[in-house]
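Ready for a few exercises on the structure below? Try each task yourself before you read its solution.

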Amino acid sequence: MRDLGSADILALLDIAEKIESKEIQPDISDKVAALLFYEPSTRTIFSFDTAVKRMQGKTIIMAGSESSSVKKGESFSDTVNVVRQYADIMIIRSIVEGAARYASELLDIPVVNAGDGSNQHPTQTLLDMYSIKKTQGTLEGLNIALVGDLRFGRTIHSLVYGLAHFGVTFYLVSPRHLKLPDYIRNDETLSNVVFMESNDLNEIIPSLDVMYVTRVQKERFADPVEYEQVKNSYQITNSLFQHNTPKDTFRILHPLPRVNEISIDVDTTKYAYYFQQAKNGLFIRQAIIAKLLGAI
Ligand code: CP
């Protein structure tokens, strides 16, 4: 997300909007997209696959490394150099931070980061920003709570950089061990961003426009005991909104998957937006691919 300015972001959101309304229908029928997913995924892999197919393109997919020659010890650089021989664009998810950027330095085709370890998840952020603009009518000057795992949450890290261009105030709500990393809090490029810490959701709900909730990610903890201590830190239930009336336009976002951090009784409230948010991923990923392949 550090590579994108506000004009780049708004241009992609605009393309996504035109794709959703069918005002434009990009055609990539002569292109093949390679999806290399070294880590599990449901939304990102399926929405990228669907995005390519909605534009008449083809996909080749590695979903997990078990069935590929990675299992025989083939290096990451050899793998991407070989797959490049078959594809026009590569979409990579890896547990290794910087993997997609490294591939982009090796290859002469566009490479998209579909999530790299605890670092960034930029296409998720673009769909989050699309969702926020759609529900709030603007990205400017919003009050946004970031709840849950702010330390390892790559969706959080990317979202902070993306929204930094738009004068938002972030309310940081996390257990002590899962705070937003200092390298982000102290980043000079974020000096215009207002960060407020809070541990009381009741207090902040009436002033919020968006509550962005994340899962405490078991797979990121080196110490299982530390995970057990924090796994149930925040649970959003419907009763929270009965005691504290949110704004009418208030919406709850979550990149999903969820475990227990949002109770299913919230799903039927008008505030729940996480399933529509997942759908928005399709339009934004179509926009990203079409733009990178010069189809718009
Ligand atoms: N939000 C997200 O990245 O979900 P998946 O891990 O299922 O792709």
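**Exercise 1.** Which elements each supply at least two residues of the lining of the largest pocket?

*Solution.* A word on the ground rules: this is a predicted model, where local features need pLDDT of at least 70, side-chain atom pairs count only at pLDDT 80 or more, and totals for chains, interfaces and linings use all residues. Residues are numbered from 1 along each chain as its sequence is written, and side-chain values use heavy atoms, with hydrogens and water left out.

Step 1: know the terms. A pocket is an open set of points on a 1 Å grid over the protein atoms alone, where a 1.4 Å probe fits, with protein on both sides within 12 Å along at least five of seven lines; lining residues have an atom within 4 Å of a point. Helices (H or I, at least four residues) and strands (E, at least two) are DSSP runs, numbered from the N terminus.

Step 2: list the elements. They are α4 (99–106), β4 (111–116), α5 (122–136) and α11. β4 gives the most, with four residues.

**Exercise 2.** Where does the largest pocket lie, and why?

*Solution.* Step 1: get its volume, about 620 Å³, which is the space filled by probe spheres set on the points, joined across faces, edges and corners.

Step 2: find the middle. Among the 22 lining residues, Met1, Asp3, Val111, Asn113 and Pro122 are the closest to the centre of the largest pocket.

Step 3: check the domains, whose bounds come from an automatic or database assignment. Domain 1 (6–117 + 282–289) and domain 2 (122–278) both give residues to the lining, so the largest pocket lies between them.

**Exercise 3.** How many nonpolar, polar and charged residues are in the lining of the second largest pocket?

*Solution.* Step 1: sort by class. Ala, Val, Leu, Ile, Met, Phe, Trp, Tyr, Cys and Pro count as nonpolar, Asp, Glu, Lys and Arg as charged, and the others, Gly among them, as polar.

Step 2: read off the result: four nonpolar, ten polar and eight charged. For the largest pocket, the lining has eleven nonpolar, six polar and five charged residues.

**Exercise 4.** Which helix gives the most to the largest nonpolar core?

*Solution.* Step 1: define the core. It's a set of buried (under 20% relative accessible area, 1.4 Å probe, protein chains only) Ala, Val, Leu, Ile, Met, Phe, Trp, Tyr and Cys residues joined through side-chain atoms within 4.5 Å.

Step 2: look inside. The largest nonpolar core has 57 residues, and those with the most contacts inside it include Ile91, Leu146 and Ile289.

Step 3: pick the helix. That's α11 (residues 274–292), with seven residues.

Notes:
Buried means under 20% relative accessible area, exposed over 50%, partly exposed in between (1.4 Å probe, protein chains only).
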